[in-house]
Amino acid sequence: MLKDKGQISFEDKWPSMRPIVLKLLKQETVSQAEWQDLFGAVHLVCLWDERGPYKLRDALQQDIVAYIKQAQNRVLAQREEQALLKAYIAEWGKFFTQCNYLPTPFRQLENSINNVSKGSSSNSSSSQKKNNNNNNEDSLVRKLMLDSWNQSIFIDIKQRLQDSAMKLVQAERNGESFDSQLVIGVRESYVNLCSNPVDKLQIYRENFEAAYMQATEEFYKLKANEHLVANGVQSYMSYADQRLKEEEARAHRYLEPGSGSVAALTQCCERVLVSEHLPTILAESAPLIKAGETEKLQLMFRLLDRVADGVAPILRDLEAHIVSAGLADMVASADIITSDSEKYVERLLDLFKRFSSLVKDAFLDDPRFLTARDKAYKFVVNDTTVFKLELPSSALLRGTKGTAPESKCPELLANYCDMLLRKTPLSKRLTSEQIETRLRDVLLVLKYIENKDVFMRYHKAHLTRRLILDSSADSEKEEDMVEWLREVGMPADYVNKLARMFQDIKVSEDLNTQFRTDTTRHDAINIKILNAGAWARGSERVTVSLPLELEDYIPEVEEFYKKKHSGRKLQWYHHMSNGTITFANSVGRFDLDVTTFQMAVLFAWNQRPMEKISYENLRLATELPDPELRRTLWSLVAFPKLKRQLLCYEPLVQNPKDFAENTTFWVNQEFALVKNNKPQRRGKINLIGRLQLSTERSQIEDNHSIVQLRILRTQEAIIKILKMRKRITNTALQSELVEILKNMFLPSKKMIKEQLEWLIEHKYMRRDDDDINTFIYMA
Amino acid sequence: TKVQLTAEKANKPFYQKLPSIPRTMSSLGSNENRLNPDDFKVLVLAWKLNASQMCRFTKLEFTQGLKNMKTDSIKGIQQKLSDITSELRRDSEQFKDLYRFTFKFGLDVSTGQRILPADIAIVLWRLVFTSNEPPILERWLAYLEASPHVRGVPKDTWYMFLNFCEFVGEDLSSYDDTEAWPSLFDDFVEYENDQMNQNITKNDIRIQD
């Protein structure tokens with residue numbers, strides 16, 4: 001070998017190497033010896049011939065190109081598309097396999113060329129390592145092979161290849177079957193062909209993917225319109241839905257995985273099948289919602305959720321439907337629901353369930369649709385068309401228009417609640433579980449009410465009556481309800497007061513026991529000592545001249561209580577008290593449950609049972625204020641449940657306001673309870689009715705105090721926010737304010753402004769000098 | 001109302017320079033052209049003198065004020081007032097100061113008033129805008145006059161009215177009641193829009209006829 005030094009040239013060696021190379025290219029069998037000879041020859045050429053590596057490369061290229069030309073001829077000989085594809089895939093398959101073998105013997109060649117081209121500075125050992133590591137992947141010969149294939153056969157044939165492949169896909173879309181391997185093969189050739197190390201998918205993407213997208217788009221542009229025109233929108237929706245699924249599956253088959261092609265194709269299909277027909281599809285939304293076509297809506301939702309701005313219009317349609325259907329329902333049944341809170345709440349719940357099941361069945365409880373439902377339902381609940389609660393203007397200074405009326409819903413909800421918790425025909429009819437379910441329903445509706453403070457006020461009034469008259473159906477449920485109110489976020493100070501009310505009643509029971517043991521004879525009376533802070537409603541006390549029998553107890557009770565709790569002041573709320581008296585006449589004896597006021601009036605006859613007493617004298621005797629006396633007398637001369645009234649009077653009037661000073665009253669000596677048209681000799685009747693918690697005047701004040709309380713709460717909240725933020729924009733302040741107050745009421749824009757003005761006026765805060773929309777806290 | 005100077009004994013050298021102590025404001029004007037209490041210049045003078053109360057200057061305010069104005073004669077005062085008045089048309093910061101002063105000026109200090117009664121406010125608005133009336137002013141004042149329930153104008157509302165005038169110009173359509181404007185402006189704009197709508201309906205009916 002040494003003596004041959006300098007004399008081995010490429011020209012010497014190539015003739016013996018070439019047959020082996022050609023065999024390899026044609027995939028003919030190469031013997032072990034030949035394979036090894038090739039290695040050796042390459043080595044020698046690279047070692048001894050300075051120009052050897054380049055000559056070797058060029059010769060190799062020539063043979064590769066020549067081989068590719070032959071392959072191309074074989075492929076192009078096929079006229080028929082499937083055959084062409086088959087031939088190409090077969091040729092490519094063979095060639096690509098060789099791309100993994102042929103480069104191996106020429107590795108030495110690469111090192112030589114690389115080393116020379118990199119110059120002396122390059123570290124040959126690292127370059128060697130690199131090449132070994134990278135194996136054949138980016139080897140020079142491999143690149144040579146792929147590039148040659150790309151430049152000769154591929155450039156010429158790719159249009160035909162693509163067209164043929166796309167025709168096959170098209171045929172599949174039209175329901176014809178074929179060998180899907182053909183399309184996959186073409187795609188694989190595109191993917192493997194690329195020798196660009198940075199973007200290995202370049203050829204695939206620029207050619208195959210682009211052609212696939214284009215073909216798909218063109219196909220559906222045409223088909224979508226055809227289908228729409230021929231079959232209508234509703235059929236089109238299921239067509240589009242089905243096609244989208246199909247195309248996605250097809251894309252998984254024919255497009256390169258992990259290349260992002262599938263997502264791009266899906267997007268393309270969505271654009272052509274959905275976006276471009278969006279207005280047509282959306283036009284169906286409102287009618288379908290109205291008709292409750294849940295299946296079609298589900299389909300529509302599935303389709304439109306794929307594209308931008310597809311769902312928002314459906315949400316709007318749903319909201320509009322809930323509002324209009326809800327209000328129409330309320331208006332249609334206005335007669336029943338305005339007079340019957342049970343019917344009203346049931347109707348509201350029925351609506352809620354209807355809309356909820358629509359959202360569930362049509363839109364699968366998608367959060368966006370749940371929000372839309374809530375928004376619209378809130379609107380229905382707080383609507384004031386059917387009935388409203390008039391509150392006085394918050395700024396009495398400017399009382400021109402008054403405030404906007406509010407929904408009466410909270411009041412009716414509280415009434416319904418009372419019917420469930422009090423001993424009523426309704427609560428007796430229902431099982432404990434049913435009552436609980438219904439109370440939970442009340443809380444559900446309550447969630448949507450803006451003026452929750454009104455509910456709280458009425459609920460507390462009802463609770464007060466139930467506790468004082470001891471008319472709760474189930475005391476356990478009463479206390480559960482308090483906790484549930486806490487759970488749904490009612491303000492803590494409110495809930496705490498309710499809890500305190502129960503506590504007072506319990507403490508009072510113990511107190512009564514002690515009072516009876518201490519003073520032996522008082523088993524006839526029951527005292528309730530109630531905490532003014534928890535119970536009081538700001539109502540004034542009413543003067544009344546108590547019957548002596550009752551009056552005598554007062555100092556005794558006070559003395560007893562003072563011994564237990566010195567320093568506590570007791571005030572008597574006679575209008576909340578009541579008792580049972582025995583009434584006897586020639587017909588029989590009857591037990592009457594009466595209010596203290598009724599008692600005071602009736603006791604006027606105790607000493608003179610047969611006399612007629614004028615209105616004026618009754619006033620003198622009872623010392624009741626005029627409106628209270630009229631109301632009390634009316635309850636005794638015209639009690640709805642009685643066939644024979646307790647008192648008679650003349651001249652007759654239509655309502656208590658018409659009693660004159662000289663109207664005379666006398667005890668009905670024929671009074672009796674009537675059962676089955678027969679007067680009874682014994683019996684018990686409750687004449688209390690709805691316990692009056694406040695006088696007429698204070699009922700107007702009640703509404704005022706709701707407003708007053710709101711003003712106070714708003715001011716408190718503004719100060720709280722400002723203290724924390726020091727400086728805040730108007731918009732931020734408004735939203736924080738609503739957040740704080742939402743569990744009580746929704747502060748109106750006007751009220752907020754007025755309170756801000758008041759606080760500025762009183763130097764709690766000021767405006768920023770440079771920005772009228774920014775407020776600054778002033779300590 | 002009579003404008004009156006509380007002039008006790010004039011024993012200060014500065015005062016002695018004046019030919020005679022003016023007993024009333026009207027003597028501050030020349031014979032042909034005396035100043036009326038509702039003259040803009042009186043307001044300007046009060047502002048310059050930093051008067052604490054309408055229609056009345058204390059001696060201290062008067063002497064100190066004239067010193068600040070660097071003048072000591074009636075003629076000088078008149079000249080100065082004319083200068084300041086024309087300056088106010090150009091200098092919006094100066095005008096803002098005068099405008100804000102006017103609110104304080106209008107309050108009845110003896111009763112510790114904090115809110116300007118509407119009738120006084122109307123007069124003062126006319127007065128303070130004498131020489132540069134905002135386009136919206138007449139409609140605003142007409143609204144106040146037609147709204148007896150508006151009893152008073154708080155300071156913030158008074159101050160903000162100047163911003164309001166600048167902001168709306170003569171066109172209320174740009175007004176946005178979600179911004180932190182005082183509620184009285186909301187009411188005013190709502191009132192104006194109501195009026196406008198009524199007019200439109202009337203016209204519509206006429207066209208249909």
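I take accessible area here as the Shrake-Rupley value with a 1.4 Å probe. The model I am reading is predicted.

**Entry: chain A**

I looked up the surface of chain A. Chain A exposes about 38800 Å², and carbon and sulfur atoms supply 50% of that area. I then checked burial and found that 49% of the 779 residues of chain A count as buried. For secondary structure I noted 32 helices and 13 strands in chain A. I also looked at contacts in chain A with a separation of 6 or more: residues 24 or more positions apart account for 71% of them.

**Entry: chain B**

I went through chain B in the same way. Its exposed area is about 11400 Å², with 48% supplied by carbon and sulfur atoms. Chain B has 209 residues, and 43% of them are buried. I noted nine helices and four strands in chain B. Read from the N terminus, the order of elements is β-α-α-β-α-α-α-β-α-α-β-α-α. Of the contacts in chain B between residues at least 6 apart in sequence, 62% join residues at least 24 apart.

**Entry: nonpolar cores**

In soluble globular proteins, nonpolar side chains tend to be buried together. I looked up the cores with that in mind. The largest nonpolar core has 182 residues, and the members that touch the most others are Phe106(A), Trp149(A), Phe208(A) and Leu273(A). Helix H9 of chain A, residues 202-254, gives the largest share of this core, 19 residues. I also found a second, separate core of 52 residues, and noted Leu66(B), Ile84(B), Phe129(B) and Tyr159(B) among its members.

I then picked out Trp149(A) and left aside its neighbours within four places in sequence. Trp149(A) is in contact with Ile68(A), Ala71(A), Tyr88(A), Glu91(A), Trp92(A), Phe95(A), Phe154(A) and Leu193(A).

**Entry: cavities**

I searched the whole structure for cavities of 30 Å³ or more and found two. I followed up the second largest, with a volume of about 40 Å³. From chain A, I listed Lys753(A), Leu756(A), Glu757(A), Ile760(A), Arg767(A) and Phe775(A) in its lining. From chain B, I listed Asp156(B), Ala180(B), Trp181(B) and Pro182(B) in the lining of this cavity. Helix H32 of chain A, residues 749-761, supplies the largest share of the lining, four residues. I sorted the lining of the second largest cavity by class and counted six nonpolar, four charged and no polar residues.

Definitions and conventions: Residues are numbered from 1 along each chain as its sequence is written. Chains are lettered from A and ligands numbered from 1 in the order in which they are written. This is a predicted model: local features need pLDDT of at least 70, side-chain atom pairs count only at pLDDT 80 or more; totals for chains, interfaces and linings use all residues. Side-chain values use heavy atoms; hydrogens and water are left out. On a 1 Å grid over the protein atoms alone, a cavity is a set of points where a 1.4 Å probe fits but cannot get out, and a pocket is an open set with protein on both sides within 12 Å along at least five of seven lines; lining residues have an atom within 4 Å of a point. Grid points are joined across faces, edges and corners, and a volume is the space filled by probe spheres set on the points. Helices (H or I, at least four residues) and strands (E, at least two) are DSSP runs, numbered from the N terminus. Ala, Val, Leu, Ile, Met, Phe, Trp, Tyr, Cys and Pro count as nonpolar, Asp, Glu, Lys and Arg as charged, and the others, Gly among them, as polar. A nonpolar core is a set of buried Ala, Val, Leu, Ile, Met, Phe, Trp, Tyr and Cys residues joined through side-chain atoms within 4.5 Å. Buried means under 20% relative accessible area, exposed over 50%, partly exposed in between (1.4 Å probe, protein chains only). Contact means heavy atoms within 4.5 Å.
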